[in-house]
Amino acid sequence: MQQEAAKQLGFSAGRTMRAAQKLYEGVEVGDQGSVGLITYMRTDSVRVSDAAIKQAREYINAQFDKRYLPDEPNVHKGGRGSKVQDAHEAIRPTEVGLTPDDLKKYLERDLFKLYQLIWRRFLASQMTPAVYEATKVDFDLANGRFLFRATGSRVLFDGYHALYSEAHEAEDAKTLDSLAPIPKLAEGDRATLKQVVPSQHFTEPPPRYSEASLVKELERLGIGRPSTYAAIISTLRTRWYATAKDRRFQPTPQGETVWKVLKRSFPEVFEVGFTANMENELDKVEEGDLDWQAVLGDFWLPFNRALEAIDINKIIHEVHDLSGLNTERCPKCGSPLEVKSCRFGPCPPTRSVKSAAHPW
């Protein structure tokens, strides 16, 4: 939900979860009073109850041609296997009959957009897939010296796209619906060269994360849960570890400094595998398969040793260029200056140094 809301609606993870919370808690709907419009939203489960599937199939059968309703209900499986927390159903409308158009006059703008997204995606999940005709054409120029290939597709049956289409970002792999159709051709047709456009391509690094792609990567790595993605992203912003430019995260100097210090001081902790493994162990503690004291002991003992071995002044001098302080003197008495550390590194000049004669 958070990924699709970011790509389709431009919502941040926090904005999405705030709107979802209101839809879950209930909205005043005319004479019906307060109605909870969606199921629990802090879940990554794809499990759907039989009653909800029945509602969806009945609606599709009544509103669409019979080709859009599969013979058997669609059953979806989670992409993260055992990492999916299945205590709740998938996020879905509580009542399929409450269509977005029916509720529009009762919902705030954000709530309407998110409800429409959830409602359409849920119904689409129980519709037949789209059918494409993929075409690949090879043709040569200059008497076979150069071989060119064109690939395209056209829609034979739109299937669930009649109701819902996924949004894609630059780094997403191309899909059949993103390819342009190729005109009808027959074997032996001659291709006419109209223009040669030379171009040079350089290998580029992967694009920086957007909110949607960051949530997707966290999910892939097994870090966090739907209930914590918004908090993780909020921390990046509020602590000024990263800023958003053109809807892509850019690390700040402060963020890079924090990473250098923590990665150097706690290399075992600041590894993707450590975080994912810790979450798995905490899940096992919750299920009663692991002793919580043993889990904490395995973490705390090596962490505490690393913590006690830290020389904060050495780290500050390594991370920040403070070589100039060797020649600077207190403007009041001329005594040598001493670095003071604060939460965000060396403090500003008026508070970052002190002399023996004039403590600040």
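**Surface, core and salt bridges of the predicted model**

Leu-301 is exposed, its relative accessible area amounting to 52%, a value that passes the cut-off of over 50% set for exposed residues. The structure considered here is a predicted model, and in this model Leu-301 has its place in helix α10, which is formed by residues 292-308. Together with Trp-300 and Leu-307, Leu-301 makes a nonpolar surface patch of about 300 Å². A leucine of helix α10 is thus exposed and takes part in a patch made by nonpolar residues.

In its overall make-up, the protein contains twelve helices and ten strands. Of its 360 residues, 33% count as buried, while the accessible surface comes to about 23,800 Å², with 52% of that surface belonging to carbon and sulfur atoms. When contacts between residues at least 6 apart in sequence are considered, 64% of them join residues that are at least 24 apart.

A contact pattern of this kind can be followed at Leu-107, which is found in the loop between α4 (100-103) and α5 (109-124). Although Leu-107 belongs to a loop, its relative accessibility is 10% and it counts as buried, because the cut-off for a buried residue is under 20%. Once neighbours within four places in sequence are left aside, Leu-107 is in contact with Leu-23, Val-27, Leu-37, Phe-112 and Tyr-115. Among these partners, Leu-23 is separated from Leu-107 by 84 residues in sequence, whereas the distance in space between the two C-alpha atoms is 9.1 Å.

Thr-16, in turn, lies in helix α2, which spans residues 13-25, and has a relative accessibility of 0%, so that this threonine counts as buried. With residues up to four places away in sequence not counted, Thr-16 touches Met-1, Gln-2, Ala-5, Phe-11 and Leu-114.

Burial in helix α11, made of residues 312-319, concerns Ile-315, Ile-316 and Val-319. These three residues cover an arc of only 100° around the helix axis, and they are therefore placed on the same side of α11. An α-helix has 3.6 residues a turn, so residues that are three or four places apart point the same way.

Two residues that are not glycines have a positive phi. For Trp-240 the angle is about 60°, and for Arg-247 it is about 65°. Trp-240 is found in the loop between α7 (229-238) and β5 (242-245), while Arg-247 is found in the loop between β5 and β6, the latter strand comprising residues 248-251. With a relative accessible area of 45%, Trp-240 is partly exposed, whereas Arg-247, at 59% relative accessibility, counts as exposed, since the cut-off for that class is over 50%.

A search of the whole structure finds 13 salt bridges. One of the pairs joins the side chains of Glu-89 and Arg-92, which meet at 2.8 Å from N to O. Both partners of this salt bridge are buried, given that Glu-89 has a relative accessible area of 18% and Arg-92 a relative accessibility of 10%, and under 20% is the cut-off for that class.

A further salt bridge is formed by Glu-271 with Lys-263, the closest N and O atoms being 2.5 Å apart. In this pair Glu-271 is partly exposed, with a relative accessible area of 40%, and Lys-263 is likewise partly exposed, with a relative accessible area of 26%. The side chains of Asp-65 and Arg-67 also meet in a salt bridge, for which the distance from N to O is 3.2 Å; Asp-65 counts as partly exposed at 40% relative accessibility. In addition to these pairs, Glu-4, Lys-7 and Arg-121 are linked in a network of salt bridges.

Technical notes. Residues numbered from 1 in each chain as written. Predicted model: local features only at pLDDT ≥ 70, side-chain atom pairs only at ≥ 80, totals over all residues. Heavy atoms only, no water. Helix = DSSP H or I, 4+ residues; strand = E, 2+ residues; numbered from the N terminus. Buried < 20%, exposed > 50% of the residue type's maximum accessible area, 1.4 Å probe, protein only. Arc of directions from axis to C-beta. Patch = residues over 30% accessible without salt bridge, like charges linked within 9 Å, V, L, I, M, F, W, Y side chains within 5 Å. Areas by Shrake-Rupley, 256 points an atom, 1.4 Å probe, with all protein chains shown as cover. Salt bridge = Lys/Arg side-chain N within 4 Å of Asp/Glu carboxyl O. Contact = heavy atoms within 4.5 Å.
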